[in-house]
Amino acid sequence: MSHSIRLPRVCAIVLCMTAIAAAQAQAQAPHAGRGAFVAQGPNAAAAGQQGVVTDGQGRVAAGRRSAYTTANGSTGQRSGGVTRSSDGSVSAQRSTTATNANTGVTFDANATYAKGSGVSRSASCTNASGQTVTCGSAR
């Protein structure tokens, strides 16, 4: 089945094409579910995808990613996934990045989970020159 999607002008072409291509690729896997979206408002645009794949042997992988851009050029991305192996062990990860176009400050955060190890989190902010700054600072 083929679908035609009219992409919003504000939405970054690479982002939208990546989301659509990944969703289509997941549709080819056995026991797969997937979804994708593209949305546009007067001041922002967003795109994303999600999917889940299982092999029928107890192993499952699921993932989601999305991104946005605003009229002033601020951007953000989030991706994450979870896997379950046939022995029941579970692991998960999530990554978030957001850049303020006015200040040039980028926020990066990561979180991981592994059964038996628990949750680990990290976050940092950098300015446009790549220098570490206090999160929430103007520069």
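The S-S bond between Cys125 and Cys135 has a torsion of about 110°, so this disulfide is right-handed. Cys125 sits in strand β7 and Cys135 in the segment after β8, so the pair ties together parts that are ten residues apart in sequence. Keep in mind that you're looking at a predicted model, so every value here is computed from that prediction.

**The disulfide**

- A quick reminder: a disulfide is a covalent bond between the sulfur atoms of two cysteines.
- Searching the whole structure turns up one disulfide.
- In the bond between Cys125 and Cys135, the two sulfur atoms are 2.2 Å apart.
- Are these two cysteines buried or exposed? Cys125 has a relative accessible area of 2%, which is under the 20% cut-off, so Cys125 counts as buried.
- Cys135, at 39% relative accessibility, falls between the 20% and 50% cut-offs, so Cys135 counts as partly exposed.

**The loop with Asn127**

- Where does Asn127 lie? Look in the loop between β7 (118-126) and β8 (132-133).
- Asn127 is buried even though it belongs to a loop, with a relative accessible area of 15%.
- What does the side chain of Asn127 reach? Follow it to the backbone nitrogen of Ser129, at 2.9 Å.

**The β2-β3 hairpin**

- Strand β2 covers residues 44-54 and strand β3 covers residues 60-70.
- These two strands run antiparallel, and eleven bridges join them.
- To pick out one pairing, start at Gly48: its bridge partner in β3 is Ser66.
- Five residues lie between the strands of this hairpin.
- Check the backbone at Gly56 in the hairpin, too: Gly56 takes a positive phi near 80°.

**The chain as a whole**

- How many helices and strands does the chain have? You can count one helix and eight strands.
- Starting from the N terminus, the order is α-β-β-β-β-β-β-β-β, which puts the helix ahead of the strands.
- The chain has 139 residues, and 19% of them are buried.
- Take the contacts between residues at least 6 apart in sequence: 28% of these join residues at least 24 apart.
- The accessible surface of the chain comes to about 9000 Å², and carbon and sulfur atoms account for 52% of that surface.

Terms used: Residues numbered from 1 in each chain as written. Predicted model: local features only at pLDDT ≥ 70, side-chain atom pairs only at ≥ 80, totals over all residues. Heavy atoms only, no water. Pairing = 2+ DSSP bridges. Helix = DSSP H or I, 4+ residues; strand = E, 2+ residues; numbered from the N terminus. Buried < 20%, exposed > 50% of the residue type's maximum accessible area, 1.4 Å probe, protein only. Contact = heavy atoms within 4.5 Å. Areas by Shrake-Rupley, 256 points an atom, 1.4 Å probe, with all protein chains shown as cover. Polar contact = N/O pair within 3.5 Å; in protein donor to acceptor, adjacent residues only side chain to side chain. Disulfide = S-S within 2.5 Å.
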